[in-house]
Amino acid sequence: MLPLDPQADRGRRAWVSCPNCNDSRGCAPCEQRRTCSDHWRYLLSNTGSLLHLQCPSCTHVWVHESGFGATRSLWNRITSGRPDPR
């Protein structure tokens, strides 16, 4: 289990399902895609529409493409996780 990131701040939150623990399963507000006082994630940072998140339940860290805004091209979103071929 990872420790909580030093950048984690309760004031910067996001409501996205955790791909590791899926702790929001069965929660009515989460299933209706509404904000929930129990199942939020730390928003560590963002680069345009790319969110860097940490789950307070299992401390899993991941990157989520929100698709919100037009700050990154579709090609950059598709290839952003690929290693450099050089």
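How many disulfides does a search of the whole structure find? Zero. Keep in mind that this is a predicted model as you go through the views.

**View 1. The chain as a whole is built from helices and strands.** The protein chain has two helices and four strands. Follow it along the sequence and you get the pattern β-α-β-β-β-α. Of its 86 residues, 28% count as buried. The later views pick out a few spots along this path.

**View 2. Cysteines sit side by side without a disulfide.** A disulfide is a covalent bond between the sulfur atoms of two cysteines. The search of the whole structure comes up with zero of them. Take Cys-27: its closest cysteine sulfur belongs to Cys-30 and is 3.6 Å away, which is too far for a bond, because a disulfide needs the two sulfurs within 2.5 Å. Cys-55 is in no disulfide either, and the nearest cysteine sulfur, that of Cys-21, is 3.8 Å away. Is Cys-55 buried or exposed? It counts as buried, at 0% relative accessibility. Cys-27 is buried too, with a relative accessible area of 11%.

**View 3. Trp-40 and Tyr-42 make an aromatic pair.** The count of aromatic pairs comes to one. The ring centres of Trp-40 and Tyr-42 lie 4.9 Å apart and their planes stand at 90°, so this pair is edge-to-face. Both partners are tucked away from the surface: Trp-40 is buried with a relative accessible area of 5%, and Tyr-42 is buried with 10%. Trp-40 has another neighbour to look for. The charged end of Arg-13 sits over the Trp-40 ring, 5.3 Å from the ring's centre.

**View 4. The largest pocket has a mixed lining.** Rolling a probe the size of a water molecule over the atoms shows where empty space is left. Here, the largest pocket holds about 330 Å³ of space. Which residues are closest to its centre? Of the 14 that line the pocket, they are Trp-15, Val-16, Ser-17, Cys-30 and Arg-33. Sorted by class, the lining has five nonpolar, six polar and three charged residues. You have already met Cys-30, whose sulfur is the closest cysteine sulfur to that of Cys-27. Arg-33 comes back in View 5.

**View 5. Asn-22 and Arg-33 have a positive phi.** Most residues other than glycine have a negative phi. Asn-22 goes the other way: its phi is positive, about 50°, although it is not a glycine. Look for Asn-22 in the loop between strand S1 (13-14) and helix H1 (28-31). Asn-22 is partly exposed, with a relative accessible area of 27%. Arg-33 has a positive phi as well, about 60°, and it is not a glycine either. You'll find Arg-33 in the loop between H1 and strand S2 (41-47). Arg-33 is exposed, with a relative accessible area of 79%.

**View 6. Ser-66 meets a part of the chain from much earlier in the sequence.** Where does Ser-66 sit? Its place is in the loop between strand S4 (61-65) and helix H2 (74-79). Ser-66 is partly exposed, with a relative accessible area of 34%. Now find Val-16, which is 50 residues away along the chain, and yet the C-alpha atoms of the two are separated by 9.2 Å. Val-16 should ring a bell, since it was listed among the residues closest to the centre of the largest pocket.

Technical notes: Residues are numbered from 1 along each chain as its sequence is written. This is a predicted model: local features need pLDDT of at least 70, side-chain atom pairs count only at pLDDT 80 or more; totals for chains, interfaces and linings use all residues. Side-chain values use heavy atoms; hydrogens and water are left out. On a 1 Å grid over the protein atoms alone, a cavity is a set of points where a 1.4 Å probe fits but cannot get out, and a pocket is an open set with protein on both sides within 12 Å along at least five of seven lines; lining residues have an atom within 4 Å of a point. Grid points are joined across faces, edges and corners, and a volume is the space filled by probe spheres set on the points. Ala, Val, Leu, Ile, Met, Phe, Trp, Tyr, Cys and Pro count as nonpolar, Asp, Glu, Lys and Arg as charged, and the others, Gly among them, as polar. Rings of Phe, Tyr and Trp (its six-membered ring) pair if their centres lie within 6.5 Å; planes under 30 degrees apart count as stacked, over 60 as edge-to-face and the rest as tilted. Buried means under 20% relative accessible area, exposed over 50%, partly exposed in between (1.4 Å probe, protein chains only). A charge sits over a ring if NZ of Lys or CZ of Arg is within 6 Å of the ring centre and within 35 degrees of the ring normal.
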